[in-house]
Amino acid sequence: MTRALPFSAPWLLAPMEGVTEPCFRDLVLARNPAQSLGGAYTEFVRVSGAPIPRAVLARQLGPSRFPQPVGVQLMGSDLAHLARSAANAVAAGAPLVDLNFGCPSKRAVAGCAGSALLREPAALASIVRAVADAVDVPVTAKIRAGYDDASRVEELARAVEQGGAALLTVHCRTRAEGYCDEVDWTRIARAVRAVSIPVCGNGGIASFEDLERMRSETGARFAMVGRGALADPWIFSGRRVDSGEAAHFLGDYAEAMRVRGGLSPRAVAARIKQLLRHWTAGGLVRSEADRTSLLREQDPEALLGQLEAAQAGLGPSSTQRTPPVSISATHALQ
Ligand SMILES: Cc1cc2nc3c(=O)[nH]c(=O)nc-3n(C[C@H](O)[C@H](O)[C@H](O)COP(=O)(O)O)c2cc1C
């Protein structure tokens with residue numbers, strides 16, 4: 001049975017552990033219209049000893065709803081537990097379920113999950129099949145181009161298709177390549193040619209222009225952005241924001257994590273720094289020396305104070321800004 005993909009546009013926000021929890025994801029979804037950012041995914045949910053309860057999956061989805069769909073990503077290798085977890089995700093409101101076959105961590109590989117399954121295309125296909133049979137929403141799968149090398153990317157793509165996935169995302173780096181700077185998009189093009197289901201290309205998209213370039217160079221119907229969205233959350237719409245609006249995003253993020261997430265100032269500062277390592281939007285981080293000094297700030301209050309100061313310094317250009325999304329406005333979208 002063909003299940004229509006619910007995405008409102010071809011650009012997608014990648015699942016990122018420790019990043020695409022509801023606070024960050026909601027801010028990105030609210031700042032990019034549905035005509036440019038077509039959907040997003042939760043960070044992966046590990047499925048090992050037992051199915052994941054519905055309430056846990058509902059927390060991953062968060063209370064807010066946007067025009068764009070947010071899929072729940074699951075990672076594991078136990079067919080029954082994955083199938084039950086997928087059904088629970090749908091019961092929790094997930095409009096699609098994604099399967100992670102790319103996580104390179106030692107823990108995932110030791111548990112025969114994530115990228116470990118890139119060595120076993122038949123097992124990978126069985127997992128997709130078990131989950132696709134368990135739910136009536138589209139099931140998508142995200143692979144890396146291979147484990148040690150990319151020689152089997154076509155075979156892996158076909159395994160995903162045979163399992164009944166509605167979309168295949170290909171992160172063009174192999175597990176061995178980790179998160180290296182070099183990317184080879186021809187591997188995505190090879191996957192596109194190997195299957196008839198839609199493909200989403202991922203890896204190394206650093207600008208709005210790269211999104212369309214990914215599609216034209218690979219033939220992929222969708223393109224997914226990971227760290228490029230940490231550098232510039234507006235990457236999907238190509239809007240160039242000023243430093244005030246960029247600071248406002250970080251301020252809203254800090255507030256959401258504190259109020260909604262219940263995080264301590266230290267934990268909030270750690271999350272902000274995770275973005276600042278990549279951040280380019282609005283020229284807020286003017287030099288690598290600036291970045292280093294922000295990242296070296298040991299005192300969470302001082303780091304947040306610097307952000308507040310930048311926010312308070314909104315200049316006359318702020319009249320051209322779209323209204324910032326306040327925490328309460330985000331909740332109003334539920
Ligand atoms: C901090 C971080 C966490 C990630 N967590 C996940 C995850 O939970 N699930 C997943 O499939 N990929 C995960 N990835 C991989 C990204 O989804 C993406 O495939 C990768 O970053 C390559 O895209 P990019 O070059 O645009 O960053 C993660 C990447 C990063 C940097």
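**Exercises on a predicted model**

In this predicted model, helix 6 (residues 153-162) packs against helix 7 (residues 186-194) with the axes 8 Å apart and at an angle of about 45 degrees.

**Exercise 1.** Classify the packing of helix 6 and helix 7, and state which hand the crossing has.

Solution. Start with the angle, which is about 45 degrees. Angles under 35 degrees count as roughly parallel, and those from 65 to 115 as roughly perpendicular. The angle fits neither range, and helix 6 and helix 7 are therefore oblique to each other. The crossing of the two helices is right-handed.

**Exercise 2.** Find the residues through which helix 6 and helix 7 meet, and sort them by character.

Solution. On the side of helix 6, the residues are Val-153, Glu-154, Ala-157 and Arg-158. Their partners in helix 7 are Arg-187, Arg-190, Ala-191 and Ala-194. Sorted by character, the contact has four nonpolar and four charged residues, and no polar ones.

**Exercise 3.** Describe the shell of residues around the ligand.

Solution. The shell holds 21 residues. Those that come nearest to the ligand are Ala-14, Met-16, Phe-44, Gly-226 and Arg-227. Next, look at the elements: strand 2 (37-46) and helix 9 (227-231) each supply at least two residues of the shell. By character, the shell divides into ten polar, seven nonpolar and four charged residues.

**Exercise 4.** Decide where the coordinates should not be read in detail.

Solution. Begin with the whole chain: the average pLDDT is 91, and 92% of the residues score at least 70. Over residues 314-334, however, the pLDDT is below 50. This stretch has 27 contacts in the model beyond near neighbours in sequence. Where pLDDT is low, predicted coordinates should not be read in detail.

Key: Residues are numbered from 1 along each chain as its sequence is written. This is a predicted model: local features need pLDDT of at least 70, side-chain atom pairs count only at pLDDT 80 or more; totals for chains, interfaces and linings use all residues. Axes are lines fitted to C-alpha atoms, for helices over the stretch in contact, and angles run from 0 to 180 degrees between N-to-C directions. Helices (H or I, at least four residues) and strands (E, at least two) are DSSP runs, numbered from the N terminus. Angles under 35 degrees count as roughly parallel, over 145 as roughly antiparallel, 65 to 115 as roughly perpendicular and the rest as oblique. A crossing is left-handed if the near helix is turned anticlockwise from the far one by less than a right angle, and right-handed if clockwise. Two residues are in contact if their C-beta atoms, placed from the backbone, lie within 7 Å. Ala, Val, Leu, Ile, Met, Phe, Trp, Tyr, Cys and Pro count as nonpolar, Asp, Glu, Lys and Arg as charged, and the others, Gly among them, as polar. A residue is near a molecule or strand if its C-beta atom, placed from the backbone, lies within 6 Å of it. pLDDT is the predictor's confidence in each residue, from 0 to 100.
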